[in-house]
Amino acid sequence: MTAQALQFAEGYVAEDLVVQTARTLAREVGLVPVAPGAGAALRLLAAAGSARAVVEIGTGTGVSGVWLLRGMRPDGVLTTIDVENEHQRIAKRIFMEAGFAPSRTRIITGRALDVLPRLADGVYDMVFVDADAAEYGACVDAAGRLLRPGGILALNGALAGGRIGDPAARDLETVTIREVVKAVRESDDWISALLPTGEGLLTAIRR
């Protein structure tokens with residue numbers, strides 16, 4: 001596939017001013033939000049699963065949250081977790097500007113690995129992970145507990161910056177992501193696919 005075709009695919013679903021603003025704010029605070037193509041895929045997954053209860057690990061400035069909310073049911077609630085309260089303040093404003101009532105989001109400040117054990121088992125329709133790669137394995141394990149059968153897992157950054165298929169890439173982040181991607185693929189608990197959109201989106205259905 002040519003770079004031109006990939007660029008077309010990434011921009012296939014246009015982002016409106018609200019998401020563009022959230023993206024600009026993310027860059028200003030040093031974050032790399034999901035690419036537009038990955039955002040569109042998240043909206044599609046949430047809609048396909050008729051998601052009512054979604055967990056997002058990594059609020060950022062609200063880019064992925066808006067995409068998820070736009071795919072969820074009108075009565076759905078997005079539980080979004082981030083260690084940075086300041087980023088969540090921005091996201092809260094973005095959610096409001098996107099037209100979502102405060103009741104549509106549950107914003108929790110804290111480390112994901114501290115917060116996730118407090119969430120209920122088997123009641124979530126989708127879990128989206130966009131966090132430190134070192135925590136990906138633990139987040140996938142948590143998702144297996146949180147999701148109902150048929151629930152959807154999506155994990156951003158699954159191509160490890162393009163290094164995932166390079167045997168010579170042995171840095172800790174790449175090795176960690178490679179192990180997580182392999183573990184999900186080989187697990188009987190998941191039906192998985194790796195989508196080459198944005199930074200790579202590992203998707204899986206909980207059996």
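In this predicted model, the buried residues of helix 8 pack against two groups of elements. One is a helix, helix 7 (136-146). The others are strand 5 (147-156), strand 6 (190-195) and strand 7 (201-206). The buried set in helix 8 comprises T174, V175, T176, I177, R178, V180, V181 and V184. Helix 8 itself runs over residues 172-186 and has 15 residues. From its first C-alpha to its last, helix 8 reaches 21 Å. That span is close to the 21 Å expected at 1.5 Å a residue.

Strand 7, one of the packing partners of helix 8, holds T203. The relative accessible area of T203 is 10%, under the 20% cut-off, so this residue counts as buried. Beyond its neighbours within four places in sequence, T203 is in contact with six listed residues: L45, L153, I191, S192, A193 and L195. Of these, I191, S192, A193 and L195 carry numbers that fall in strand 6 (190-195). L153 falls in strand 5 (147-156).

Helix 8 also takes part in the largest pocket. This pocket holds about 850 Å³ of space. It is lined by 39 residues, and the closest to its centre are L31, G58, D130, A131 and D132. Helix 4 (63-71), strand 2 (77-82) and helix 8 each supply at least two residues of the lining. The largest share, 4 residues, comes from helix 8. By class, the lining has 18 nonpolar, 13 polar and 8 charged residues. Helix 8 thus appears both in the packing against helix 7 and strands 5, 6 and 7 and in the pocket lining.

How values were computed: Residues are numbered from 1 along each chain as its sequence is written. This is a predicted model: local features need pLDDT of at least 70, side-chain atom pairs count only at pLDDT 80 or more; totals for chains, interfaces and linings use all residues. Side-chain values use heavy atoms; hydrogens and water are left out. The expected span of a helix is 1.5 Å times one less than its number of residues. Buried means under 20% relative accessible area, exposed over 50%, partly exposed in between (1.4 Å probe, protein chains only). Contact means heavy atoms within 4.5 Å. On a 1 Å grid over the protein atoms alone, a cavity is a set of points where a 1.4 Å probe fits but cannot get out, and a pocket is an open set with protein on both sides within 12 Å along at least five of seven lines; lining residues have an atom within 4 Å of a point. Grid points are joined across faces, edges and corners, and a volume is the space filled by probe spheres set on the points. Ala, Val, Leu, Ile, Met, Phe, Trp, Tyr, Cys and Pro count as nonpolar, Asp, Glu, Lys and Arg as charged, and the others, Gly among them, as polar.
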